[in-house]
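User: Please take a close look at a single part of this model. Describe it in one connected answer, and say how far the prediction can be trusted.

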Amino acid sequence: MSGKTVNSAILLLVIGNAMALISDVFIKLLEPGAPVFQFAFLRCVITLALLLPLAGQLDKRNLFAGFRIHAVRAHIHLVGILCMVVALGNLPLATANAMFYAAPILVMVLSVFVFRERLTPLSVVAVFSGFVGILVILRPLEFNWAVIAALGSALALAINAVMVRTLPKQQTTVHKLFLNYLLVLPAAGALAWWEGAAWDTGILISALGSALFILGYNITVLLAYQQVDANQVTSAEYTGLIWAVGIGWVGFGEVPDLWFLAGSLMIVVPLILIGLRHRRREPARGFNGGKARYASESV
């Protein structure tokens, strides 16, 4: 599975999204009332440690180039992790992941305001259909802090995705990820210290599993998009919602209802149509490192 063909790239993305869901499962299995700040700090430390063997890809002469943007993205990422833990701990696995799919919709909206991009008619439909789909899944009576946390996580993902375009172009994906986790450690550590919870081996295991599998997802995305244009395979990313439904159903007894299915279709189908339209308009052009970096770091 080198990712050099469309089929192998799609398979990599399917496997990668399954790994991302396993990372979510490690979070969901945290005990009720588990120290959220401690988990976030340990996950950041472990991810940084996992990246150390790849330190050869760091530009050591310009290690802190783009420091301010990296610092802002890192702390937004920390907020996203905290929101994700709250959401996964209080919502069904599939519902939380459906909320996370608001991220690409928010990216389109933010791109209009930040970069003055113009939305196509299909993109406008995707935005409105996505927001209505979220309301259909949640229904006003079920709107609570866990839902707000899920949407907060999606917003953090979207902001970080948009900010990727302002980072130094010469930096590798490993360099950007390394700085992201390095710069957030002081704030994450301070929050864990302020939380004052006793260190828990169970939290360490959950943080290790979550960090390992989400890093695995990033690697599969990088491999998938390295040789094949994103517009040819990006729709495979939405298999994550299928994994969420399946794992939630089998592992946690969470049976999706018709409201969830209808709302999920309203979110995902327009996004898939956008991907298919780009695929028809833009044939494969070989290596596409820019899209690989964008995809791997907007997770």
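Analyst: Helix 6 covers residues 121-138, 18 residues in number, and its first and last C-alpha atoms are 26 Å apart. That is close to the 26 Å expected at 1.5 Å a residue, the expected span being 1.5 Å times one less than the number of residues. Helices here are DSSP runs of H or I with at least four residues, numbered from the N terminus. This is a predicted model, in which local features need pLDDT of at least 70 and side-chain atom pairs count only at pLDDT 80 or more, while totals for chains, interfaces and linings use all residues. Residues are numbered from 1 along each chain as its sequence is written, and side-chain values use heavy atoms, without hydrogens and water.

The buried residues of helix 6 (under 20% relative accessible area, 1.4 Å probe, protein chains only) begin with Leu122, Ser123, Ala126 and Val127. Further along, Ser129, Gly130, Gly133 and Ile134 are buried too, as are Val136, Ile137 and Leu138. In general, an α-helix has 3.6 residues a turn, so residues three or four places apart point the same way. After helix 6 comes Arg139, with a positive phi near 60°.

As for confidence, the chain has a mean pLDDT (the predictor's confidence in each residue, from 0 to 100) of 84, and 86% of its residues reach 70 or more. Residues 283-299 fall below 50, although this stretch has 45 contacts (heavy atoms within 4.5 Å) beyond near neighbours in sequence. Where pLDDT is low, the predicted coordinates should not be read in detail.

Elsewhere, Leu204 is found in helix 9, residues 201-227. Leu204 touches Leu42 and Ile46, leaving aside residues up to four places away in sequence. The C-alpha atoms of Leu204 and Ile46 are 9.1 Å apart, with their positions 158 residues apart along the chain.

Methods
Helices (H or I, at least four residues) and strands (E, at least two) are DSSP runs, numbered from the N terminus. Buried means under 20% relative accessible area, exposed over 50%, partly exposed in between (1.4 Å probe, protein chains only).
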